[in-house]
Amino acid sequence: MRNFTVTDAVRDYAVGHSSWPPSEVVRRLRSETAALGDVAAMQIGEDQGQLLTMMARLVGARRAVEVGTFTGYSSLCIARGLVEGGRLLCCDVSDEWTAIGRRAWERAGVADRIELRLAPALETLRALPAEAELDLVFIDADKPGYAAYWDELVPRVRAGGVLLADNVLWSGAIVDTDDTDANAVALRAFNDKVAADRRVEAAVLPAFDGLTIARKL
Ligand SMILES: C[S@@+](CC[C@H](N)C(=O)[O-])C[C@H]1O[C@@H](n2cnc3c(N)ncnc32)[C@H](O)[C@@H]1O
């Protein structure tokens, strides 16, 4: 096994060699988000954003749901990977943060593919049709909510569709059982739940902050 530290230079190189190198729209959105201060750390990296676009392409996503939109970078990445006529439903509670996203979606030409619902995500998900019609799901909101979001979303994903969950290794704290932070505890329970769920097959990618990739059976 080869292991090395991913420096900023290595990450920039990788990001610059994908089919979606950073555009002016993405640069502007990322710098507007950085200007918000510490909360900007909630935004996924460009390497992960490119993976989201690729996942949307791989599953031929026509119907996608994102739980946790923030300033709209991850949603922009999913939206640009949708098939023609595809739709992304975004769930968040912050008008202030998602307003930044709305402007970026317009500039990126993907706004007409995205519907944003400002409400607790569990309410939005429970109101979705019960049919298994979703192709792609990205969960990246409040960590204690992950298990409930999973329960609402798994039955709504079609066979062969994919569910992604972010931050599942919680900066490594996931294996430190002395760490009883509420988010770490919730994520441990969530990871156990996914691993035991016979409706999916799942891999946990020890990249980014830990990304679960689950395929509905
Ligand atoms: C980690 S950020 C999402 C980052 C985003 N995916 C990105 O990469 O830019 C988490 C988001 O979840 C939202 N959130 C927190 N609790 C929520 C809830 N109960 N329902 C819906 N959204 C929620 C927050 O407002 C925040 O924007």
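A nitrogen atom of the ligand lies 3.4 Å from an N or O atom in the side chain of Y149. This is a predicted model. Two further polar contacts to the ligand join that of Y149 in the table.

| Residue | Protein atom | Ligand atom | Distance |
|---|---|---|---|
| I44 | backbone N or O | oxygen | 3.0 Å |
| D142 | side-chain N or O | nitrogen | 3.3 Å |
| Y149 | side-chain N or O | nitrogen | 3.4 Å |

On its own, the ligand has 600 Å² of accessible area, and the protein covers 88% of it.

**The site around the ligand**

Where does the ligand sit? It occupies the largest pocket. The shell around the ligand has 18 residues, and those that come nearest are G68, S74, D92, A121 and D140. By class, the shell residues divide into eleven nonpolar, four polar and three charged.

**The β6–β7 hairpin**

Strand β6 spans residues 200-205, and strand β7 spans residues 211-216. How do β6 and β7 pair? The sense is antiparallel, over six bridges. One pair can be named: A203 has I213 in β7 as its bridge partner. Five residues lie between β6 and β7 in this hairpin. Which residue in the turn has a positive phi? It is F208, with a phi of about 55°. In a regular strand, side chains alternate between the two faces of the sheet.

**In brief**

The ligand sits in the largest pocket, with 88% of its accessible area covered by the protein. I44 offers a backbone N or O atom to a ligand oxygen at 3.0 Å, whereas D142 places a side-chain N or O atom 3.3 Å from a ligand nitrogen.

Conventions. Residues numbered from 1 in each chain as written. Predicted model: local features only at pLDDT ≥ 70, side-chain atom pairs only at ≥ 80, totals over all residues. Heavy atoms only, no water. Near = heavy atom within 4 Å. Polar contact = N/O pair within 3.5 Å; in protein donor to acceptor, adjacent residues only side chain to side chain. Areas by Shrake-Rupley, 256 points an atom, 1.4 Å probe, with all protein chains shown as cover. 1 Å grid on protein atoms, 1.4 Å probe; cavity = no way out; pocket = protein on both sides within 12 Å on 5 of 7 lines; lining within 4 Å. Sits in = over half its atoms within 2 Å of the grid points. Nonpolar A, V, L, I, M, F, W, Y, C, P; charged D, E, K, R; others polar. Pairing = 2+ DSSP bridges. Helix = DSSP H or I, 4+ residues; strand = E, 2+ residues; numbered from the N terminus.
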